[in-house]
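Here is a short report on how two chains meet and how parts of one of them are built. Look at the model first, then read on.

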Amino acid sequence: MNKKLLAASVAACLSVAALAGAPMAQAATSTLNLGVIIDVTDWQASSAQLANAGPYYQAVYSTLLNQDANANVLPGLAKSWSYDKTGTVLTLSLNKGIKYTDGEPFNAASVVANLNAFKKGASPSANMANGIVSVVAKTPTTVVITLDNIDSAFLTNLSGTMGFMQATNTIGGTDAKSNPIGAGPYIYDKASSVSGSSYVFKPNPAYYDKAHLAYDNLNIKVLNTSVAAINAIKAGQVDAVAIADNSAVAGLQAAGLTVDEQNLNWVGLTFVDKGGRMGTPLKKLAVRQAINYGFDRDAALKIMGLGYGKTIEQVFAPYNAGYDATLNNTYPYDLAKAKQMLSDAGYPNGFTLNMPTNPALASYVYDFMKDQFAKMGITINYTATTGSADFFAQVWAAKWPLYRMALQRDPNSWSLVQFLYARDAAWNPSGYGDATTDALIEKIRVATGKTQTALLKQLNTYTVQQAWFCPLYAPPVFFAHTSSVKVTTHAGNSMPFLSDFKK
Amino acid sequence: MLRFTLRRFLTGVALLFTICTLAYFLLYIDSDTIAAGILGASATKADILRFNATHGLNENVFVSYANWLSHAITGNFGAAWTFTEPVSSMITTRLSVTFTIVTISLLIVTVISLTLGVLAAVYGGWIDRVVQVLGLIGFAIPNFLVAFALVAQFAVVNHWFNAVGWTPPNADFNEFLKSATLPISAIAFTGLASLTQQIRGAVKDTLQNDYVRTLRTSGLSFRRVILKHVLRNAAGPALSVLGLQFVGMLGGIVIIEQIFSIPGLGSFSVQATGLKDIPSVMGVVTTMALIVITVNFIIDLLSAALNPKVRLA
């Protein structure tokens, strides 16, 4: 009897194992299985965001304009666009005959409703619409947008977060947060999806731009831990996923996966007290330049960045208009020169600077920086903040003469200027500027094309020479994919757009 | 038995009320801190006031607690701050996932532990030694390490099971087996050690009682003595451990759901806490407390049914 029981148990176990372990059904070649490291909490276009959440919205919504992988603006739901002479009135000409997946026609009135909803919406990028004075449907296929000022990032924004178009009748509806209706390449299959785990998308038979659609179907799997993301792509459950854990890259490559690298952010020091309001030596150009010479960027990359990334001497990224490769050797590491410059500037015995620390960072980051400054004869006194929020609050309050940060580099250089260089920029806490930067920024604001690029290059060169910052390295973000998927990394976005995936 | 049941029920209700009250006041007592934490350091006083007004944080905390409690009793935990669905709806959806994993794990643990524990106690010898060694291993290795090992071998190398994700059994049973086998195995692994040891010890103790020898000499078969008498008497301590196992599994599921990216109550609690979604956190705390209290209530009733002496406790 015992033997019979044992045999029956073994048979049952084997049958379950055989059933569960049966070879996985071959995925259709036209299905993209995408791993995404965050879940979607609100599907409304007015709550949309890009980066890692981008695929959710790009799947179901089309944008007014499109952008290629280099962030160049292309026609989308709007087939053409033009600005008036002032650069503040934008006219969009819409494609005819496009319908949302619920049958509602897409037209100018829908654009008006969507842009107004975005302006008041919960998207973290809602401030993109702050400059909109009015949006008017001139004809069913013509929209006129009036801005309060020239905004050279506006078209890029219409090809991104601000440009997602949701069916007008669903805007603000009770169902819109969980059941998106758009005119995108796919239709969300809520019944086949498991909220928080996997989202299934069927093809939109009426999609207006099928020629640029590589995959018929899309499955998004939520992988909200680094371990889950790595295991999922190694096990073949997803074709592609962003990798947040740098130390996993070698293992993924060894497993035969392709890992693309993009250097979106920059890490370095921001000299807040360039104006000398706090009475520190950072007011002197020679001191700021000396620190740039005296900081060993290779060592910083190796120790602070664990060897991942590239050393940099300018904030502008290679994908930014205004980037100048000749600036890359402005401050070669030369400790003796740094000390000499400090001595010449009147600090032969060094000086003391106060800096805040963020507990979110490992202590070795701050130990390394302290050591680098000590080699130059500069003593650093750290003051701990209680967390990232406290750190940001103190930095924004211009409480400290310098700080260490990792900051993004928007592909739109005007956005980068507004973010970092302008007197009212979020990351120019002391509101510092001089006549040269003020004039350049004003010219950049109204300039376009090659003229603007040349001005941006001037601003970049000037601020590098004036040592506004001490950029150290650009850390990478990684995106892993199988050989069956061809992916182009997207300028300025950690996650490729859906249109960047090809079979 | 009725008095015992009533006493245990009222104790459970009082405990649940205490937990909910403490949790609510700890979470809601400082509304300005809640708003500042969510809106960030750059939030102005006006932003904080607007947030408080929108989320009902400007009410007196006793009034808002009474309001919350009156709805919570009906199973309505209100609207989430960051999620699109109401808290109750999200908890119901995710609880079914967690409950499936924990219940199956518990069943597996019970069946295997009962078999191994009885065999080890009755036959001793090599079976007993194997059970002891397995017990040690089970105690020594945490379930998340077991999860990593299972994924590495059976998902990444063999591709037999899924490394991540969840498919409900009613959607696709084959996919359910693929998605559920590894997390259930990981959760069950550590539970096996303690329950097997407990059953082994209890059965061994019971076998040494005089009445067992009397029953054997009266002509009853060994199998009948074990199944009808020894197991009944050994079941009390085992049931207590089973209750503890369930609570332990509910705790362990949090990290297992993270590793396997499973949308259960554990990962929801992590998500809600990270997003500072206080109504969701409150819903999770209440639900978890209710489950633990209910399971303990059931275990108490079963213990009392098996052993009348328990009713006096």
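Two residues are in contact when heavy atoms of theirs lie within 4.5 Å of each other. Keep in mind that this is a predicted model.

**The interface**

Start with the place where the chains touch. Chain B gives 28 residues to the contact, and chain A gives 30 residues. Together they bury an area of about 2500 Å². Carbon and sulfur atoms give 59% of that area. Three residues stand out on the side of chain B: Thr84(B), Val164(B) and Ser261(B). They supply 20% of the area that chain B buries against chain A, more than any other three residues.

What about charges and polar groups? The rule finds 0 salt bridges across the interface of chain B and chain A. For polar contact, it finds 6 residue pairs, with both residues at pLDDT 80 or more.

Which elements of chain B give two or more residues to the side that touches chain A? They are helix 7 (143-157), helix 8 (173-207) and helix 10 (222-259) of chain B. Helix 7 of chain B gives the largest share, 4 residues.

The table sorts the side of chain B that touches chain A by residue class.

| Class, chain B side | Number of residues |
|---|---|
| Nonpolar | 15 residues |
| Polar | 10 residues |
| Charged | 3 residues |

**A residue inside chain A**

Now turn to Leu90(A). It lies in strand 6 (residues 89-94) of chain A. Is Leu90(A) buried or exposed? The cut-off for buried is under 20% relative accessible area. Leu90(A) has 0%, so it counts as buried.

Which residues does Leu90(A) touch, leaving out those up to four places away in sequence? Among them are Trp81(A), Ser82(A) and Tyr83(A). Val143(A), Val144(A) and Ile145(A) also touch it, as do Phe154(A), Leu155(A) and Leu158(A). Thr146(A) is 56 residues away from Leu90(A) along the chain, yet their C-alpha atoms are separated by 6.3 Å.

**A sheet in chain A**

Chain A also has an open sheet of 4 strands. Their order is 16-20-15-19, and the pairing is antiparallel. Strands of a sheet pair through backbone hydrogen bonds.

Why do strand 16 (310-311) and strand 19 (402-408) of chain A each have one side without a neighbour in the sheet? Both stand at the edges with a single partner strand, so one side of each is left free of a neighbour there.

Strand 15 (residues 265-271) of chain A is joined to strand 19 of chain A by 7 bridges. The two run antiparallel. Gly268(A) stands opposite Met405(A), which is in strand 19 of chain A.

Definitions and conventions:
Residues numbered from 1 in each chain as written. Chains lettered and ligands numbered in written order. Predicted model: local features only at pLDDT ≥ 70, side-chain atom pairs only at ≥ 80, totals over all residues. Heavy atoms only, no water. Buried area = accessible area lost by both parts, 1.4 Å probe. Salt bridge = Lys/Arg side-chain N within 4 Å of Asp/Glu carboxyl O. Polar contact = N/O pair within 3.5 Å; in protein donor to acceptor, adjacent residues only side chain to side chain. Nonpolar A, V, L, I, M, F, W, Y, C, P; charged D, E, K, R; others polar. Buried < 20%, exposed > 50% of the residue type's maximum accessible area, 1.4 Å probe, protein only. Pairing = 2+ DSSP bridges.
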